[in-house]
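Reader: I would like a close look at one part of this model, with the criteria behind each term spelled out. Please start from the part I name and then work outwards.

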Amino acid sequence: MPVSKLMRIQDLKLHFRSAAGVVQAVDGVDLDLFYNDAIVILGESGCGKTSFARAILRLLPRNVEAYTGKVLMNGNDLMGLSDEAFRREVRWVKMSMVPQAAMNALNPVLRVGDQVSEPLIVHAGASRETALKSAREMFQRVGVPVDFMNRYAFELSGGMRQRVAIAMALVTVPELVILDEPTSALDVLTQANIFNLLKRIKQDFDMSFVLITHDIATSSELAERVAIMYAGQIVEVSDATRFFSAPLHPYSQKLMASVPRLRGNQELEFIPGNPPSLIGIGQGCRFAPRCEFRFEKCDQDPPVINREGRLVKCWLYAEG
Amino acid sequence: MNTLKKYFREILQYPSAVVGSVMILLLVAVSVYALVTIPYEKALQLWRGGEDVWYANPQYAPPAWMNFFSDKDLPVSFKLHSRDAGENQSVTKEVVLGEQNTSRTFITYTFDFNYDEFPQEMALLFNTTYEVKQPFVSILWATPDGREIRVGDFGVSKKMTYRISQDTKLQRRLGGLPPIQGLFADPNAQTPVPFKGTYQLLINGVSFEQDSHIEAEFVFYGQVYGLAGTDHLRRDLMVALLYGAPIALAFGLLAALGTSVLTMIIAATGAYYGGWVDELIQRITEVNLVLPFLAILIMVGTFYDRSIWTILGVTILLSIFTGAIKSYRAIFMQVKESAYIEAARAYGASSGRVIFRYLIPRMIPLLIPGLVSAVPAFVFLEASLAVLGLGDPSLPTWGKIINDAWLNAALYKGYYYWILEPAILLMITGLGFAMVGYSLDRVFNPRLRGL
């Protein structure tokens, strides 16, 4: 069980301007990450998972309306750093990311070997030779044949490209790797291979992973902890074992009930209605309109309740 | 390396590319030859040399190979020097010592004349040494049919040029015919027609001092000259035709390279940073697009400096902010949003790194055909400026030849070679680069192939 804290995120907000109004993509997220942690952030499409990842790594688009909160890493506030300092000291030094659609994240005019060694050249000031040497080791580790280093991205299969993207995220050995839907475009067998690889790497390098996905079944492979995201907020954080056997939040329960199981004859459920638009959300529990346990208190913002080490944001668990 | 080889093989499949490459290679070979055989200083010296350098050439003479295309054989220029007697069979020189320090010098020039037209001119260039008393020469002309004509008798100063066509006494002696015609004319013909055969010019000189010597060069000015002909200043056009190649190529390539590379970098910078940087670049472009390009160049040439490097710099400067910046920007805007650009930003690549390693390499396939096609445009620009009289005054360029020809009414007077030679070289340059450029375009932009 992870103990000490690698990162503490407090009231993180990322709002975008749009023609229709302000999009509250990430709206007051609190989350703690531990050393050698593997947390899965689960949620439907459009609930702000990717925006959350971008907010941590400060990869912001131009139309940012608000970007506030605290991100403490090993006790240092990352939000206070200038953009240039953040680029130099944080990105790929302290944390890296395997971007969504990692298959397209490779430069088509660079050989993948050069591509993987790029972060080392940029950050460690390594020469091309030493960087290529490290890249070669990383290729072996992620299971890409070393002679692929001289190939271009389009000459690799999807699974291989994904492994290259992972190699690129690992090459500087950061403490935290954010994996944004790393397997979304791959077949099930390749997905399983990649997750096995990630598990092994996490042990070898003693890293923390934040895995962002909507695929509950495969993410359970890697997850040590689970955070459920709904409408820009985190509604439940729990250790994986207890979460998968008994989720607390009504939304989590519905979500779990929608996943087919190998054993048992349970009928699949669905959640009625749609997730709320992230533009102009008012007071109250955001899941309330779709919740079957709804009662009067749900019109006010629910508190975060600690229940035997599990955090849940729901009035049902409030005492009194 | 393999990709290069692949592209190369693909390019070779287009006949136009092969023909174009051969043309370009030819021009490059000519340039190298010119630069090796005529060093820069020498070229300038030759081109601006005037009479001292070019005294032995006929004026306005078409190239010698014109004889292949006409039924009339035009006389070819040559010169014979008495110094070369002994080495050259056509010249003999004999010195006979006489009494009281006198000596007699006999110089004979023998040459075949088998042409259908009279030569332009003949001249004797004397070079004598003496202290006080000038040597005296009498000149005789021996025709193939055995007649001997007295050309003239006169004292010779140290350096003296005797032009036969200007000898009015000789004209009278020849019955009023211009001397050149008179000397070569067939005595039995009604109208002056050259009589073919071996002619001789004999100099019979007397010197009156011990160290007094007579040397003379016989210059026969034909109607045709060399491979390229001559201009109004008797200059061999070959010098300018040869030397124009490296100048044209250097100007074209530097201008095309400078313009397209700078345009690309600036467009990429603007597109990547966006905001006021992009705004500024776009506004500069829009202003520059309405500025009269040629008029500014003419102004710079007239008021500031006509050196080819100044003109090159101004050309590049004015050509950076053109429509190309807009079209490059449009593509960069699209590339900029690619996942891999964001990935690069994520792993902490600096803006410069993203621009030069991620954005610009994507555009190289578009850059290369454009660059190749832009070369002739700049070669033509340089020629056009020269034709307008704004060419570099010291350099022998193709445009300068056309300018000279135009000022001397070459076409009006029928000296077509004078304009056609540089024009054909310009056309070859344009054609070669255009053919290669269009083929490259097809190789690098496969979508065009269906068109």
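In β12(A), which residue is the bridge partner of Glu236(A)?

Author: The bridge partner of Glu236(A) in β12(A) is Val312(A). This is a predicted model, in which local features need pLDDT of at least 70 and side-chain atom pairs count only at pLDDT 80 or more, while totals for chains, interfaces and linings use all residues. Residues are numbered from 1 along each chain as its sequence is written, and chains are lettered from A and ligands numbered from 1 in the order in which they are written.

Strand β12 covers residues 310-313 of chain A, where strands are DSSP runs of E with at least two residues, helices are runs of H or I with at least four, and both are numbered from the N terminus. Towards β10(A), residues 233-239, β12(A) runs antiparallel and is joined by 2 bridges; two strands count as paired if DSSP finds at least two bridges between them. With β11(A) the pairing is also in the antiparallel sense, over 4 bridges. Here Arg307(A) has Arg310(A) as its bridge partner in β12(A), and Asn306(A) stands opposite Leu311(A). β11(A) and β12(A) form a hairpin with 2 residues between them, and Glu308(A) in the turn has a positive phi of about 55°.

As for the side chains of the strand, Arg310(A) and Val312(A) point one way from β12(A), Leu311(A) and Lys313(A) point the other way, and all are buried (20 or more other C-beta atoms, placed from the backbone, within 10 Å of the residue's own; 12 or fewer would be exposed, and in between partly exposed).

The wider setting is an open sheet of 8 strands in chain A, ordered β6-β7-β8-β3-β9-β10-β12-β11, with mixed pairing. At the edges stand β6(A), residues 95-98, and β11(A), residues 304-307, each with a single partner strand, so one side of each is left without a neighbour in the sheet. Neighbouring strands are turned by 20° against each other on average, direction ignored; axes are lines fitted to C-alpha atoms, for helices over the stretch in contact, and angles run from 0 to 180 degrees between N-to-C directions. Helix α1(A), residues 49-57, packs on this sheet, touching β3, β6, β7, β8 and β9 of chain A, and its direction makes about 150° with that of β7(A). Contact means that the C-beta atoms of two residues, placed from the backbone, lie within 7 Å.

Moving outwards to the other chain, 20 residues of chain A are in contact with 14 residues of chain B. On the side of chain A, the elements giving two or more residues are α2, β6 and α3, and the largest share, 4 residues, comes from α3(A). By class, this side has 12 nonpolar, 4 polar and 4 charged residues, where Ala, Val, Leu, Ile, Met, Phe, Trp, Tyr, Cys and Pro count as nonpolar, Asp, Glu, Lys and Arg as charged, and the others, Gly among them, as polar.

Within chain B, helix α16(B), residues 416-444, packs with α1(B), residues 2-12, at an angle of about 125°, their axes 10 Å apart. These two are therefore oblique to each other (under 35 degrees is roughly parallel, over 145 roughly antiparallel, 65 to 115 roughly perpendicular and the rest oblique). Their contact is made by Tyr7(B), Glu10(B) and Ile11(B) of α1(B) with Ser439(B), Leu440(B) and Val443(B) of α16(B), which divide into 4 nonpolar, 1 polar and 1 charged.

α16(B) also packs with α13(B), residues 351-387, at about 165° with axes 8 Å apart, and α13(B) and α16(B) are therefore roughly antiparallel. The residues that meet there include Pro365(B), Ile368(B) and Phe380(B) of α13(B) and Leu426(B), Phe433(B) and Phe444(B) of α16(B); the contact divides into 15 nonpolar, 4 polar and 1 charged.

Helix α14(B), residues 398-407, is mostly covered, with 8 of its 10 residues buried, among them Trp398(B), Lys400(B) and Asp404(B). Its buried residues pack against α7, α13, α15 and α16 of chain B, and α14(B) is followed by Ala409(B), whose phi is positive, near 50°.
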